Amino acid sequence: MAITRQVITTVRSDGSDALGTRTVAYKIADESIVSGSLLTVESNHFCVLKSRGAVLDVYETGQYAIETPDKPLIGSIAKGFFGGSSPWVYEVIYINRSKLLVRNSGIATSAEMAEVSYVVDYYIHIDSKQEALDLITHMPFSGTVIDTAEVADYAGPAIEQAINQIVQVTKLENINEHINDVREAVKVHLADFLKVYGIMLNDLKVLIMPRDDRMRELISLQAIGLTPIESVRYYLALKMAEKGLVSAPNAAAGVPFVIGGQPTGFYPLGPEVGATT
C-alpha cells in the first residue's frame, strides 16, 4: 500500500494491486492521512474510512478528498499538545469486491467408520457497501489483512457439519451416489454462514474420496465392473507387477503358478520302462 503526496491507493509503483487475488480486506492506519488527502478507490474495491473505531464513510469507485476534523491550523496546535503526533488516527480499509477462490479440505467418516477426504472449492465476493461494513464488523483483523485462508478457517466447521450429516449415514461405496445431496447441503449451510460476514457465495464444487489409497484403488476396480473378490485379485496382481513378479497374471486370473513346464500327462515307473527298485 503506497501513500505518495497524500494520495492513498492500492496500486503499487510497478502497477500491481496490493490486494491481489487472495486478500479480502487490507487495512492501513497512518497519521499522515489528513484533510485533503486523496483517496483512490479502484473499480474492484470498496473503501471504508474509520477514526477512533467509528466509521466515517464508505466509498465506491472513484477519487475522493478526505474531509476530517484536523484542519491545518487546528491540527498543528493539537500536535503540539500531543507530543508532535496527530491525535486523530485514521484507518483506511480496502475491501476486495472481486470473486475470490477459497478452498477447504478435511476428513469425514462413512457409515462403516471408514475415513474419507473431502475438498470444497468455492468463490466468494463482497457485493455492496453494507456487506463491506458487515465484513469488517464481524471478522476481526489479526494483522493488516484478512485473506482467503482466514475465511476458510471460519467456514471450515460449517462445511464439515454439512458434509458429515450425509456422509456419516452413507456407506462408503454409495457416497458418490449422494454427491449432489452433499453439494446442496454444503451450499445452503455455507451461504447462510457467510452471509453474516457480508460475504456472498457463488459457485461451489465438492470432491469426496477414500482417504486410504488402497481402498480408493479397490473401489475404482469395482467401478469398472469387477466383483469384490476380483477387485482384490487384480489389486494384488497390480502390486505384484510393480515389483516385477512374473506370477502377477496368475494372481489376476486366480490360478496357481507352476515353476517350470506345465505337466502334460502321467508317466509309468516300473520294470516296463527299465526302472528298478
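Two strands pair if DSSP finds at least two bridges between them. Strands (E, at least two residues) and helices (H or I, at least four) are DSSP runs, numbered from the N terminus. This is a predicted model: local features need pLDDT of at least 70, side-chain atom pairs count only at pLDDT 80 or more, and totals for chains, interfaces and linings use all residues. Residues are numbered from 1 along each chain as its sequence is written, and side-chain values use heavy atoms, without hydrogens and water.

**Exercise 1. Trace the open sheet and find its edges.**

Step 1. Five strands make up the sheet, in the order β6-β5-β8-β3-β11. Their pairing is antiparallel.
Step 2. β6 (54–59) and β11 (145–147) have a single partner strand each, so one side of each lacks a neighbour in the sheet.
Step 3. From one strand to the next, the twist averages 15°. Axes are lines fitted to C-alpha atoms, for helices over the stretch in contact; angles run from 0 to 180 degrees between N-to-C directions.

**Exercise 2. Examine the pairing of β3 with β8.**

Step 1. Locate β3 at residues 23–30 and β8 at residues 90–96.
Step 2. Six bridges join them in the antiparallel sense.
Step 3. Tyr26 faces Tyr94 in β8.

**Exercise 3. Place helices α2 and α3 against the sheet.**

Step 1. Helix α2 (residues 129–138) lies across β3, β5 (45–51), β6 and β8. Helix α2 runs at about 55° to β5.
Step 2. Helix α3 (residues 148–167) packs on the sheet and touches β3 and β11 (contact: heavy atoms within 4.5 Å). The directions of α3 and β11 make about 60°.
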